[in-house]
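Me: I would like to go through the strand pairings and helix crossings of this structure, and to see how each label follows from its criterion. Please show me the sequence and the model before we begin.

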Amino acid sequence: MGDYSSYFLMKPEEVPDYVQAKLHFFPEGAKLSGQEIGDGNINYVFRVADRDSGKSIIVKQAGPTTRIEPDLGVSRDRGRIEAEILKLQSNFAPGLVPEIYLYDEVMCAMIMEDMVGHTMMRTGLLQHETYPEFAEDITTFMAGCLIRTSDLVMDHKEKKELVKAFTNPDLCGITEDLVLMEPYTDCFHRNHVYPPNEEFIQKEVYGDQALCLEAAKLKFNFMNNPQALIHGDLHTGSIFINQEHTFVFDPEFAFFGPMGYDIGNMVMNLFFAWCNGEAEMEEGRKREDFLDWCMDTIADTVDLFVQKYDRVFDAYVTEPMAKMPGFKSWYLSGILADTAGYAGTEGLRRIHGMANVKDITSIEDVGKRTRAERIVVSFAKDCILNRNSFICGADYVAAIERAVRKHS
């Protein structure tokens, strides 16, 4: 067995020995293989499998820097935060997050359930698969985890202790810069602008002072509104899924922030899938079905969240002042405005920020990609500039239709 008394970044071939040293999951003497399977920008993810039985487990280790940009040093404590949050989320959304078997504070590594039989949702959507249970599952997850970690429900002192425990300055700093500042200023010259859209981005984003002002407001709301324990990076790459079931994982960016950040990110990532299908699929019934599913799921994600907000609020609210007539609808209106605003910031940062999204970058035809990007930018701007008018799923559908017409 290796020495795991001090931190080092493991190689795939070293991970099976590590698992055997830390956990009685595989039988002694099992023939194990280790393979790196992660494609994210932050951590290292390995699958350890028994060659004979096929039984497998996942090890996720926090590295000392990000993989997308080595100069972006981040605290390895994010692994602890992620492990503790997954355990907490399992209480509020049982069955919708993977089980955590162990967190090792020395190696900054988490050993967790392998989500066998599930596919990363972005991968499935790029193959234009549809998932009939997704809207139901994701809104159950969001309503349970967001509302029940807010001051509506939690004891205020307990919540403040959790705010301290899950303070996540390094990864919040990444969001504050890469998502909520650089797409509007390019202040560090790290944005990735698709050349055919350089003039368009200059005019429609960098040169739009009203947009940049609203983005500044959204940034400060993100930094100063510890409303609930949010996932912080909720998109189709943070979900494993099949036709019957959904797993939400990868909450390394989690902290106490505005609920609408998670909901809005999810909405916009569903729209990226729509854009890919609209650009890449051949005319026919399959294309129509996929695009309809994407659009319906965007609307259902908003509308089902609103329905479940109502139910969770009534079942779990403890704060006396939150029971005042009219408070429930007032509080929801803030969540919905944030949802639209942060849907917009996610759209813009994935088009011309530092971390673009495969749904768009994989569109090979120059004209189709150029158009898809412009549709996203127009929709995103509508979400940001008019966020108080987005109160139901139909409002998103109407805004998407406006953006598509604008670039037809």
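Me: What is the bridge partner of V45 in β3?
Reply: In this predicted model, V45 has K60 as its bridge partner in β3.

Me: What makes β2 and β3 a pair of strands?
Reply: At least two bridges are needed for two strands to pair, and six bridges join β2 (residues 44-50) to β3 (residues 56-61), so the criterion is met and the two strands pair. They run antiparallel.

Me: In which order do the strands of the five-stranded open sheet stand, and why do β1 and β4 count as its edges?
Reply: The order is β1-β2-β3-β5-β4, with antiparallel pairing. β1 (32-36) and β4 (100-104) each have a single partner strand, so one side of each is left without a neighbour in the sheet. From one strand to the next the twist averages 20°.

Me: Which helix lies across β3, β4 and β5?
Reply: Helix α2 (residues 78-92) lies across these strands, β5 being residues 109-113, and runs at about 155° to β4. Angles over 145 degrees count as roughly antiparallel, so α2 is roughly antiparallel to β4.

Me: How do you know that β6 pairs with β8?
Reply: Two bridges join β6 to β8 (residues 239-241), and since pairing requires at least two, β6 and β8 pair. T119 stands opposite I241 in β8. Both strands belong to an open sheet of three strands in the order β6-β8-β9, where β6 (119-120) and β9 (246-248) stand at the edges, each with a single partner strand.

Me: Why are α14 and α15 called oblique to each other?
Reply: The axes of α14 (residues 366-385) and α15 (residues 393-406) cross at roughly 135° and come within 9 Å. That angle is not over 145 degrees, nor does it fall in the 65 to 115 range of roughly perpendicular, so the pair is oblique. α14 passes α15 in a right-handed crossing, and the residues of their contact divide into eight nonpolar, one polar and four charged.

Me: What makes α9 and α12 roughly perpendicular?
Reply: The axes of α9 (residues 209-224) and α12 (residues 327-352) come within 11 Å and cross at roughly 110°, which lies in the range of 65 to 115 degrees, and the two helices are therefore roughly perpendicular to each other. Their crossing is left-handed. L211, L218, N221 and F222 in α9 meet D338, G341, Y342, T345 and L348 in α12, and these residues divide into five nonpolar, three polar and one charged.

Key. Residues are numbered from 1 along each chain as its sequence is written. This is a predicted model: local features need pLDDT of at least 70, side-chain atom pairs count only at pLDDT 80 or more; totals for chains, interfaces and linings use all residues. Side-chain values use heavy atoms; hydrogens and water are left out. Helices (H or I, at least four residues) and strands (E, at least two) are DSSP runs, numbered from the N terminus. Axes are lines fitted to C-alpha atoms, for helices over the stretch in contact, and angles run from 0 to 180 degrees between N-to-C directions. Contact means heavy atoms within 4.5 Å. A crossing is left-handed if the near helix is turned anticlockwise from the far one by less than a right angle, and right-handed if clockwise. Ala, Val, Leu, Ile, Met, Phe, Trp, Tyr, Cys and Pro count as nonpolar, Asp, Glu, Lys and Arg as charged, and the others, Gly among them, as polar. Angles under 35 degrees count as roughly parallel, over 145 as roughly antiparallel, 65 to 115 as roughly perpendicular and the rest as oblique.
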